[in-house]
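Reader: Please show me the structure, and then let me ask about it piece by piece.

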Amino acid sequence: VVVSVTEGLEPQRHGWPRPQHPATIAARDCLFEPYVSAAQVGQEIVLQNLDPAMHNFHIGGADGSKNREWDFNFGPRKERPRSIEFRYPEEFVRVRCKNHNWMFAYITIVKHPFVAVTDRDGRFSIEGLPRGKYTLSASHRKAGALKAEVVISDDWSREVDFSDRKS
């Protein structure tokens, strides 16, 4: 589940600073890892093949997308990683391998750095969010989105319950 701030952020005149570290999508054991990821507009996303087999990274291409479509072939483990970046926000952009039809993953692109992907137990952490009142959205590719309002104070750290919220 991708959790991100959807309301309450003050607009930044020059945009939000980009994360210093790239997001990574890797082909490993004939699967894409991670299965769900998130990145910020303009953040470097590194693509790499860690398998001894040839893989294809076909990214995007959905109808109505403002972002470009990419298509890269990677030889077995020997090719250098490649980097891409998205220019526009978009939810659940599909990454697939045209050589292995069971290989696919999804990446969500947001305007700001306040986004996280939950772990297996539904836990997440969003660092550096300024004090204030926000609406968080928890988006699942198939189940849809739920929203929750939170108020952040200096020492805020708690669970957010999306279970009884309607979106």
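The turns below go through cores, strands, single residues and charged pairs.

Reader: What kind of model is this, and how are residues numbered?

Author: This is a predicted model, in which local features need pLDDT of at least 70, side-chain atom pairs count only at pLDDT 80 or more, and totals for chains, interfaces and linings use all residues. Side-chain values use heavy atoms, with hydrogens and water left out, and residues are numbered from 1 along each chain as its sequence is written.

Reader: How many residues does the largest nonpolar core have, and which residues have the most contacts inside it?

Author: A nonpolar core is a set of buried Ala, Val, Leu, Ile, Met, Phe, Trp, Tyr and Cys residues joined through side-chain atoms within 4.5 Å. Buried means under 20% relative accessible area, exposed means over 50%, and partly exposed lies in between (1.4 Å probe, protein chains only). The largest such core has 21 residues, and those with the most contacts inside it are F32, I45, L47, F57, I59, F86 and I107.

Reader: Which strands each supply at least two residues of this core?

Author: Strands here are DSSP runs (E, at least two residues), numbered from the N terminus. Those that each supply at least two residues of this core are β2 (23–28), β5 (45–49), β6 (55–59), β7 (70–74), β9 and β10 (104–110).

Reader: How many residues are in the second, separate core?

Author: This second core includes V5, F114, A116 and V160. Its number of residues is 14.

Reader: E90 is in strand β9; which side chain of opposite charge is nearest to E90?

Author: Strand β9 covers residues 90–96. Lys and Arg count as positive and Asp and Glu as negative, while His and the chain ends are not counted. A salt bridge needs a side-chain nitrogen of Lys or Arg within 4 Å of a carboxyl oxygen of Asp or Glu. E90 is buried and has no salt bridge; at 9.7 Å, the nearest side chain of opposite charge is K66.

Reader: With which side chain does the side chain of E90 make a polar contact?

Author: A polar contact is a pair of N or O atoms within 3.5 Å; within protein, one must be able to donate a hydrogen and the other to accept it, and residues adjacent in sequence count only if both atoms are side-chain atoms. Touching is a looser test, since contact means heavy atoms within 4.5 Å. Not counting residues up to four places away in sequence, E90 touches S65, N67, I107, T108 and I109. The polar contact, at 2.7 Å, is with the side chain of S65.

Reader: Is F92 buried or exposed?

Author: F92 is found in strand β9. Its phi is positive, about 50°, although F92 is not a glycine. Because its relative accessible area is 16%, F92 is buried.

Reader: Which residue of β10 is the bridge partner of A39?

Author: Two strands pair if DSSP finds at least two bridges between them. Strand β4 (36–40) is joined to β10 by five bridges, and the two run parallel. Four of the five residues of β4 are buried. The bridge partner of A39 in β10 is I109.

Reader: How many residues lie between β12 and β13?

Author: Nine bridges join β12 to strand β13 (residues 144–152), and the two run antiparallel. Across this pairing, S137 stands opposite K147. The two strands form a hairpin, and the residues between them number three.

Reader: What is the omega of the peptide bond that joins E33 and P34?

Author: P34 is in the loop between β3 (31–33) and β4. The bond from E33 to P34 is cis, with omega about -5°.

Reader: How many salt bridges does a search of the whole structure find, and how far apart in the chain are D71 and K98?

Author: The search finds five salt bridges. In one of them, R28 meets E33 at 2.6 Å, N to O. In another, the closest N and O atoms of D71 and K98 are 3.3 Å apart. D71 is in strand β7 and K98 in the loop between β9 and β10, a separation along the chain of 27 residues.
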